[in-house]
Amino acid sequence: MNFESEMKARFGGFWNSLVLLLVVIICLRFSAIEWASEDLGTRLYHSFKLFFWCALFGVLLAILKIIFSISNPPYLRLPASANFAWGLKRGITIGGFLILLVGILQLDNFMGVFQPFIDKLLQKLLGLI
């Protein structure tokens with residue numbers, strides 16, 4: 001497959017688009033709460049910057065995946081476009097998940113109406129340790 005069709009396969013479809021949309025919403029929510037005293041332009045700039053860092057983490061994962069796949073035999077090696085698309089998707093997803101975790105742990109009322117449930121769950125998990 002060429003690069004364009006590989007990107008469509010990795011990022012197309014309903015569930016993949018939903019994951020990307022959730023990462024964008026998490027970045028917007030984090031910047032809206034963290035920089036609440038700033039104007040709208042600043043908050044949008046910071047949310048774009050957060051999403052950009054998630055994508056940059058994805059590019060780093062993609063490059064590492066390509067580098068480490070070179071040692072595989074050629075008949076087991078995926079094309080570079082598949083490795084790059086895989087790394088980009090996983091990097092954006094992992095970056096969004098990390099922003100979600102930091103938002104839940106650091107910011108007050110990050111999850112809105114679900115925050116009391118998550119706080120009780122975290123207290124029980126910490127009580128087990």
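**Helix α1 and its surroundings: questions and answers**

Modeller: Let's start with R10, which sits in helix α1. Please keep in mind that this is a predicted model.

Biologist: Happy to. What makes R10 count as partly exposed rather than buried?

Modeller: Its relative accessibility is 24%. Buried would require a value under 20%, and exposed one over 50%. R10 falls in between, so it is called partly exposed.

Biologist: And which residues does R10 touch, once neighbours within four places in sequence are left aside?

Modeller: R10 is in contact with N16, A82, A85, W86 and K89. Take W86: R10 and W86 are 76 residues apart in sequence, while their C-alpha atoms are 7.0 Å apart in space.

Biologist: Two of those partners interest me. Why is N16 called buried?

Modeller: N16 has 17% relative accessibility. The cut-off for buried is under 20%, and 17% meets it, so N16 counts as buried. This residue belongs to helix α2, which covers residues 14-34.

Biologist: Where does K89 lie, and why does K89 get the label it has?

Modeller: K89 is part of helix α4. With 19% relative accessibility it is under the 20% limit, and therefore counts as buried.

Biologist: What contacts do N16 and K89 make beyond four places in sequence?

Modeller: N16 is in contact with A9, R10, F11 and K89. For K89 the list is R10, F11 and N16.

Biologist: Back in helix α1, what does M7 touch?

Modeller: M7 lies in that helix, and outside four places in sequence it touches G12, A85 and L88. M7 and L40, by contrast, have C-alpha atoms 32 Å apart, with their positions 33 residues apart in sequence.

Biologist: What about N2: where is it found, and what makes it partly exposed?

Modeller: N2 is in the segment before α1. Its relative accessibility of 48% is neither under 20% nor over 50%, so N2 is partly exposed. From N2 to F14 is 12 residues in sequence and 22 Å in space, C-alpha to C-alpha.

Biologist: Let's go inside. How many residues does the largest nonpolar core have, and which have the most contacts inside it?

Modeller: That core has 18 residues, and F30, I92, I99 and F110 have the most contacts within it. The elements giving two or more residues to it are α1 (3-11), α2, α3 and α4. The biggest contribution is from α4, with 6 residues.

Biologist: Which residues does I92 touch?

Modeller: Not counting residues up to four places away in sequence, I92 touches F11, L20, V23, F51, C54, A55 and G58.

Biologist: You mention C54. How many disulfides are there, and how do you know?

Modeller: The count comes to 0. C27 is in no disulfide, and the nearest cysteine sulfur, from C54, is 4.7 Å away. The rule asks for sulfur atoms within 2.5 Å, so this pair does not qualify. Seen from C54, the nearest cysteine sulfur is that of C27, again at 4.7 Å.

Biologist: What makes C27 and C54 buried or exposed?

Modeller: C27 has a relative accessible area of 1%, and because the limit for buried is under 20%, it is buried. C54 is at 3%, so the label for C54 is buried too.

Biologist: Now the outside. Which residues make the nonpolar surface patch?

Modeller: F57, L60, I63, L64, I67, F68, I94, F97, L98 and L101 form it, with an area of about 910 Å². Helices α3 (40-69) and α4 (80-106) each supply at least two of its residues. The largest share, 6 residues, comes from α3.

Biologist: What makes F97 eligible for a patch, given its accessible area?

Modeller: F97, in helix α4, has a relative accessible area of 47%. A patch residue needs over 30%, so F97 passes that step. It stays short of the over 50% needed for exposed, and therefore it is partly exposed.

Biologist: One last residue: what is notable about phi at N109?

Modeller: N109 has a positive phi of about 60°, although it is not a glycine. N109 is in the loop between α4 and α5 (115-128). Its relative accessible area, 43%, lies between 20% and 50%, so N109 is partly exposed.

Notes
Residues are numbered from 1 along each chain as its sequence is written. This is a predicted model: local features need pLDDT of at least 70, side-chain atom pairs count only at pLDDT 80 or more; totals for chains, interfaces and linings use all residues. Side-chain values use heavy atoms; hydrogens and water are left out. Helices (H or I, at least four residues) and strands (E, at least two) are DSSP runs, numbered from the N terminus. Buried means under 20% relative accessible area, exposed over 50%, partly exposed in between (1.4 Å probe, protein chains only). Contact means heavy atoms within 4.5 Å. Patches are made of residues with over 30% relative accessible area and no salt bridge: like charges are joined within 9 Å, nonpolar side chains (Val, Leu, Ile, Met, Phe, Trp, Tyr) within 5 Å. Accessible areas come from the Shrake-Rupley method with a 1.4 Å probe; for residues, only the protein chains shown count as cover. A salt bridge is a side-chain nitrogen of Lys or Arg within 4 Å of a carboxyl oxygen of Asp or Glu. A nonpolar core is a set of buried Ala, Val, Leu, Ile, Met, Phe, Trp, Tyr and Cys residues joined through side-chain atoms within 4.5 Å.
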